[in-house]
Amino acid sequence: MEPIVLVHGGAGDIPASRVPLKLSGCKKAVNDGYKVLAAHGSALDAVEAAVRVMEDDPAFNAGYGSVLNLDGEVEMDASVMVGDRLEAGAVTIVKDVAHPISLARLIMEKSPHVLLGADGAKRFAINHGVQILPPGSLVTEQAKEALAYFKKHGGDFTEIGCDRKKGEVGTVGAVAIDSNGLLAVATSTGGISGKLPGRCSDTSQIGGGSYADNCYGAVSTTGYGEAILRFCLAHAVVKEIASGKTAQRATEDAVEAMTKQFNKTAVGRF
């Protein structure tokens, strides 16, 4: 089977000045993911590698570059899933970890749980040798400016930023199929600028931000998190595929149904 990896760098109205940064970041992510597949690595290895690239890139809202909550802190969410046995791992409200996506995988592989959060996730990370960064290490000037703008002007709580005038940010993700036919998905985010401390996003919820089933497909979403979470969008897309629709039609129909229900939209990568 021909291996394939797809990535997304978030949704939003991207200023022209930032388009090259987004494109170059996505290209590097997909190239690194495909190198894994070309070397006969697994789909899970590939999506993790791709997302790690974007977590290191301040052009994206994940890892370094994450937006800030109302207290000015970075709180991140991430999830992974593999489609053969429906195994999954996720992390929410995690701080001071460079690669939440790798922590999510570690939870899947080294714990009896699917989702760990906040101090429990941090303790798990420390116990498994994950480096904890000094507080504030993931905070960027752009994130500070976006939060300041939100506090002054308000705005829509969306994953594409606090306001169009202050630039876009968005959840990142990757899906892949390897030469053995294994499907995997990985999704990572800093959430929404100006969110309440302790907010859990759709990205941390299996079926919302991520879902993979070898029988049908793998999906990573980005957009208005609260709507995605309530609609279980990633799972909804997979169920549409299961009904016999193409991936494109399934995605369009699920997003359209969610938008009609909540008047909020999203983008899916499948």
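Is C26 buried or exposed? Select C26 to start the tour: its relative accessibility is 19%, and because buried means under 20%, C26 counts as buried. Please keep in mind along the way that this is a predicted model.

**Stop 1: the cysteines**

While you have a cysteine on screen, look for disulfides: the count comes to 0. Now select C232, which is in no disulfide. The cysteine sulfur nearest to it belongs to C200, and that sulfur is 15 Å away. You will find C232 in the loop between α6 and α7 (233–242). C232 counts as partly exposed, at 38% relative accessibility. Its backbone deserves a look too: phi is positive, about 50°, although C232 is not a glycine.

**Stop 2: helix α4**

Next, select residues 118–127, which form helix α4. Colour A121, F124 and A125, which are buried. Turn the view until you look down the helix axis: the buried residues of α4 fall within an arc of 100°, so they line one face of the helix. A general point helps here: an α-helix has 3.6 residues a turn, so residues three or four places apart point the same way. Swing round to the other side of α4 and you meet D119, R123 and N127, which are exposed.

What lies over the buried residues of α4? Show β3 (87–94), α3 (100–110) and β4 (115–117), which are among the elements that cover them.

Two backbone details belong to this stop. A118, found in helix α4, has a phi near 50°, a positive value in a residue other than glycine. At 29% relative accessibility, A118 counts as partly exposed. Just after α4, select G129, where phi is again positive, at about 80°.

**Stop 3: the nonpolar cores**

Which residues touch the most other members of the largest nonpolar core? Select V91 and L103: among the 44 residues of this core, these two do so. Helix α2 (residues 43–55) gives the largest share of the core, with 8 residues.

Stay on L103 and show what surrounds it. Leaving aside neighbours within four places in sequence, L103 is in contact with V91, V94, A121, F124 and A125. You have already seen A121, F124 and A125 as buried residues of α4.

There is also a second, separate core, made of 23 residues. To find it, select V175, L183, A218 and I228, which it includes.

**Stop 4: V80 in strand β2**

Now go to strand β2 (residues 76–82) and pick V80. V80 counts as buried, at 1% relative accessibility. Not counting residues up to four places away in sequence, its contacts include L44, I101, A104, M108, V185 and I206. For a distance to try in your viewer, join the C-alpha atoms of V80 and H113: they are 13 Å apart in space, and the two residues are 33 apart in sequence.

**Stop 5: positions annotated in UniProt**

Which residue does UniProt list for "active site"? The unreviewed entry names T171. Select T171 in the loop between α5 (141–153) and β5 (172–177). T171 is buried, with a relative accessible area of 0%.

From the same kind of record, the "binding site" annotation (unreviewed entry) covers R199, C200, S201, D202, T222, G223, Y224 and G225. Start with S201, in the loop between β6 (183–189) and β7 (210–213). S201 is buried, with a relative accessible area of 0%. Follow the side chain of S201 and you will see that it reaches the backbone nitrogen of T203 at 3.0 Å.

Then move to G223 in strand β8 (residues 217–223). G223 is buried, and its relative accessible area is 6%. Move on to G225, which you will find in helix α6 (residues 225–231). G225 counts as buried at 2% relative accessibility.

**Last stop: helix α8**

Finish with R249, which lies in helix α8 (residues 247–262). R249 counts as partly exposed, at 40% relative accessibility. Draw one more line, from the C-alpha of R249 to that of V237: the separation is 9.2 Å, for residues 12 apart along the chain.

Notes:
Residues numbered from 1 in each chain as written. Predicted model: local features only at pLDDT ≥ 70, side-chain atom pairs only at ≥ 80, totals over all residues. Heavy atoms only, no water. Buried < 20%, exposed > 50% of the residue type's maximum accessible area, 1.4 Å probe, protein only. Helix = DSSP H or I, 4+ residues; strand = E, 2+ residues; numbered from the N terminus. Arc of directions from axis to C-beta. Contact = heavy atoms within 4.5 Å. Core = buried A, V, L, I, M, F, W, Y, C linked by side-chain atoms within 4.5 Å. UniProt positions renumbered as here; feature names shortened; annotations may be inferred. Polar contact = N/O pair within 3.5 Å; in protein donor to acceptor, adjacent residues only side chain to side chain. Disulfide = S-S within 2.5 Å.
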